[in-house]
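Dear colleague,

I am passing on to you the structure we talked about, together with some notes on what I found in it. Please have the sequence and the 3D view open beside you as you read.

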Amino acid sequence: MSKLEGMFYQLLINQMRSKRLAKNTIVIYTIVIINLLLISILFFRSLKHNLVFSGDSIQYLGMAHEIIQGRFPFSDKWMPFYPFLISISSVFTGGNLLHAAIIVNYGFLIGVILITNYLLYKTLKINALHFLFLNIILLFSREIYFNSLTIMAELPMLFMFMTSISYFMIKLNQGALTD
């Protein structure tokens with residue numbers, strides 16, 4: 001068993017011993033259900049093509065099409081990471097780039113919401129009911145809603161930004177960055 005697994009199991013054991021876990025379990029399950037429900041509503045709404053398009057969106061879809069054709073697109077304005085992910089997910093949508101972009105966006109949306117929940121819970125150290133309230137505000141925020149309906153690279157960039165913040169917070173809590 002690795003050191004990480006041992007730490008994970010020890011954390012689970014400590015949490016199961018706590019009476020607070022039983023109290024917060026209902027709220028945590030409620031948060032998960034609300035997240036899944038709202039993300040599902042946004043996802044199925046976007047499948048009806050109620051999406052926001054811009055010049056960047058068309059450029060990203062065009063670059064994804066070029067990647068599928070075997071050509072690597074060169075652009076000095078747009079990075080190929082997002083179109084590359086769209087082209088990979090188009091395998092699961094039968095080549096439909098629009099549906100592939102929606103799948104990529106919602107994958108990153110779920111990641112952003114999970115990381116934001118982690119950061120809120122760890123940083124603010126609030127009780128579960130207040131955390132539920134903050135989570136609902138997050139899910140109904142204009143930025144989350146707009147970015148989930150836009151074929152743009154904002155969600156992948158936000159995901160990478162939030163991932164780096166959570167990484168540094170974990171390292172800071174471990175004392176690795178204080179030397």
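A good place to begin is the meeting of two helices, where Y60, M63, A64, I67 and I68 in α3 come into contact with Y82, P83, F84, I86 and S87 in α4. Please keep in mind throughout that this is a predicted model. Sorted by class, the residues in the contact of α3 with α4 are nine nonpolar and one polar, with no charged residues.

How are these two helices arranged? The axes of α3 and α4 lie 8 Å apart, and the helices pack at an angle of about 60 degrees. Because an angle from 65 to 115 degrees would count as roughly perpendicular and one under 35 as roughly parallel, α3 is described as oblique to α4. The crossing of this pair, α3 and α4, is right-handed.

The next thing to look at is the nonpolar core. The largest one has 27 residues, and those with the most contacts inside it are L61, Y82, I86, Y106, L109 and I151. Two or more residues of this core come from each of α2 (19-47), α3 (55-68), α4 (81-89), α5 (97-124) and α6 (128-139), and the largest share, 11 residues, is given by α5. You have already met Y82 and I86, since both take part in the contact of α4 with α3. As for L61, if residues up to four places away in sequence are left out, this residue touches F53, L97, L98, A101 and I151.

Finally, I would like to point you to a pair of residues, S166 and Y118, that are 48 residues apart along the chain, although their C-alpha atoms are separated by 8.1 Å. S166 is found in helix α8, which covers residues 154-174, whereas Y118 is found in helix α5.

Is each of the two buried, exposed or partly exposed? S166 has a relative accessibility of 9%, and therefore counts as buried, the cut-off for that being under 20%. Y118, with a relative accessible area of 33%, is partly exposed, because partly exposed residues are those between the 20% cut-off and the 50% one.

Leaving aside residues up to four places away in sequence, S166 touches I115, Y118 and L119, while Y118, counted in that way, touches S166 and I170.

With best wishes

Note on methods. Residues are numbered from 1 along each chain as its sequence is written. This is a predicted model: local features need pLDDT of at least 70, side-chain atom pairs count only at pLDDT 80 or more; totals for chains, interfaces and linings use all residues. Side-chain values use heavy atoms; hydrogens and water are left out. A nonpolar core is a set of buried Ala, Val, Leu, Ile, Met, Phe, Trp, Tyr and Cys residues joined through side-chain atoms within 4.5 Å. Buried means under 20% relative accessible area, exposed over 50%, partly exposed in between (1.4 Å probe, protein chains only). Helices (H or I, at least four residues) and strands (E, at least two) are DSSP runs, numbered from the N terminus. Contact means heavy atoms within 4.5 Å. Axes are lines fitted to C-alpha atoms, for helices over the stretch in contact, and angles run from 0 to 180 degrees between N-to-C directions. Angles under 35 degrees count as roughly parallel, over 145 as roughly antiparallel, 65 to 115 as roughly perpendicular and the rest as oblique. A crossing is left-handed if the near helix is turned anticlockwise from the far one by less than a right angle, and right-handed if clockwise. Ala, Val, Leu, Ile, Met, Phe, Trp, Tyr, Cys and Pro count as nonpolar, Asp, Glu, Lys and Arg as charged, and the others, Gly among them, as polar.
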